[in-house]
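Please open the viewer and keep the selection box handy. We will go from the whole chain to a few stops worth a click.

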Amino acid sequence: SSGSSDEENVTEKPIAKKRNAFGHTAVNAITYPANVKRVYQVVNRQTGSIGGNGHGGAIYGELTVGSMQKMVNMMKLHTGLDENSRFIDVGCGLGKPNMHVAQDPGVQFSYGIEMEHVRWLLGMSNLDQVLREAQRQDRGGSVLDVSGNSIIGHRCTLAHGDITEAQFFDPFTHVYMFDIGFPPRLFYQLADMFNRSSSPYLICYHGPKLMVERYGFDIELIIQLSTSMHGSSEGHMGYIYRRVQRRRRSTGKGSRKLICPTGGAGLPSDVPCDPLFAEPWRETRQSLDEHAELVRERVTSSFESCRKNRTRSSRRALNN
C-alpha cells in the first residue's frame, strides 16, 4: 500500500446494525487512525507466528479493534483522554489496549501489568515488533507515511507483576481493566487503591451495583456502551466512571491518610507517582531507539530463560 493521505483514517467493517422504520439495515461504522490499523496488523501477525492466534486471526476473548476504538472515542469525548493522559491497563494480557492508546490519542504514558508470565511475554513480543515497525518508519522504510496520525507511538511498556504491590494508581489519569473474571478479593483491593489515589477516571466492564454498592469504589457512572468480542457472539457492557469524593469515618485516633510520593529524578515533580510505576514511566520517556532496545533485551532474555527451564525439566524427566 502507498503512504497517501487517504490512509490517515481507516473505516472498519460495520460493528452495529439496526433496522429502520422501512425495514432497511442501517450501519454504524467506526473509523480509526492509520497507525492503529498498522499496530493491529503487526500484533496479529506476531501473535500468530508464536501460536497465539494462528493465521493472523483474532484472539478469543479480546475486544475487537472497533470496540476498543469505541471505548477510546468515548474516553476522549467524556474524560478528556489526550496526549497528556497517563493510562494503565490492569491485567493487560497481550497489550492491545496499551498499544492502541499509545497511538490514539498518543498518551504520555501507557502502562500494562500482567501476572501471567506467558501472556506478558506474548504482549512484550507484540510490543517489540511494534517498536521495530516504528523504527523502520522513523528511518523511512515503513509502508506508512510519517505525517499526522500515521506515526507509530512508542510511549508504552508492559510489566510482569502484581498490581497489589502498589498502594496508589498515581500517576495514571485513566485506570482501565477488562475485569471479567477478577475475583472479589481483588476488587476490594483495587477499590482501596483507587480511593486513596488521585486518578480521576475508571474504565471497566462491571456496572455501578457491583463497583459502587458492593466493592465501594468512589466513582459515579458517566456513560456505558456495548462492546463485542473476537471469536464469539459474546459481548460485554463497558462502563466509564469518574471519581467522586465520599466522606468516610476515621479508622481510629492514630490513623493518618497515606500520601503518594512523586516519582523522583527524571519525572515531573508535581505529579504523584507510586514507586512501582516510576521506573517504567522513566523508560517510556526515553527515545524510540533506547526504549526499543530495552524491550528487545527483555524479550530475548525471557525467551532464553524459558528455554533453559525447559531443558532442565527435560533432563530431570529423563533421569527419573
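The tour below starts with the overall chain, moves to paired strands and a pocket, and ends at two peptide bonds.

**Before you click.** This is a predicted model, in which local features need pLDDT of at least 70 and side-chain atom pairs count only at pLDDT 80 or more, while totals for chains, interfaces and linings use all residues. Residues are numbered from 1 along each chain as its sequence is written, and side-chain values use heavy atoms, with hydrogens and water left out.

**Whole chain.** Turn on the cartoon: you should find eight helices and 11 strands, taken as DSSP runs (H or I of at least four residues for helices, E of at least two for strands) and numbered from the N terminus. Of the chain's 320 residues, 47% are buried, meaning under 20% relative accessible area with a 1.4 Å probe, protein chains only. Switch to the surface, and you are viewing about 16,200 Å² of accessible area, 50% of it from carbon and sulfur atoms (Shrake-Rupley method, 1.4 Å probe). Among contacts between residues at least 6 apart in sequence, 71% join residues at least 24 apart; a contact here means heavy atoms within 4.5 Å.

**Strand β11.** Select residues 235–243, which form β11. Strands count as paired if DSSP finds at least two bridges between them. Add β9 (residues 201–204): this strand runs antiparallel to β11 and is joined to β11 by four bridges. Next add β10 (residues 219–228), which pairs with β11, also antiparallel, over nine bridges. Now click Y239 in β11: C204 has Y239 as its bridge partner, and Q224 stands opposite Y239 too.

**Second largest pocket.** Which residues should you select to find the centre of this pocket? Try G91, C92, G93, E114 and F178, the closest to the centre among the 27 lining residues. A pocket is an open set of points on a 1 Å grid over the protein atoms alone, where a 1.4 Å probe fits, with protein on both sides within 12 Å along at least five of seven lines; lining residues have an atom within 4 Å of a point. Colour β5 (86–90), α3 (96–103) and β6 (109–114), the elements that give two or more residues to the lining. By type, the lining divides into 17 nonpolar, four polar and six charged residues.

**Two cis bonds.** Zoom to the loop between α3 and β6, where P105 sits; a cis peptide bond with omega about 10° links D104 to P105. Finish in the loop between β7 (156–160) and β8 (174–176), home of P171, where D170 and P171 share a cis peptide bond with omega about 20°.

Methods. Nonpolar A, V, L, I, M, F, W, Y, C, P; charged D, E, K, R; others polar. Buried < 20%, exposed > 50% of the residue type's maximum accessible area, 1.4 Å probe, protein only.
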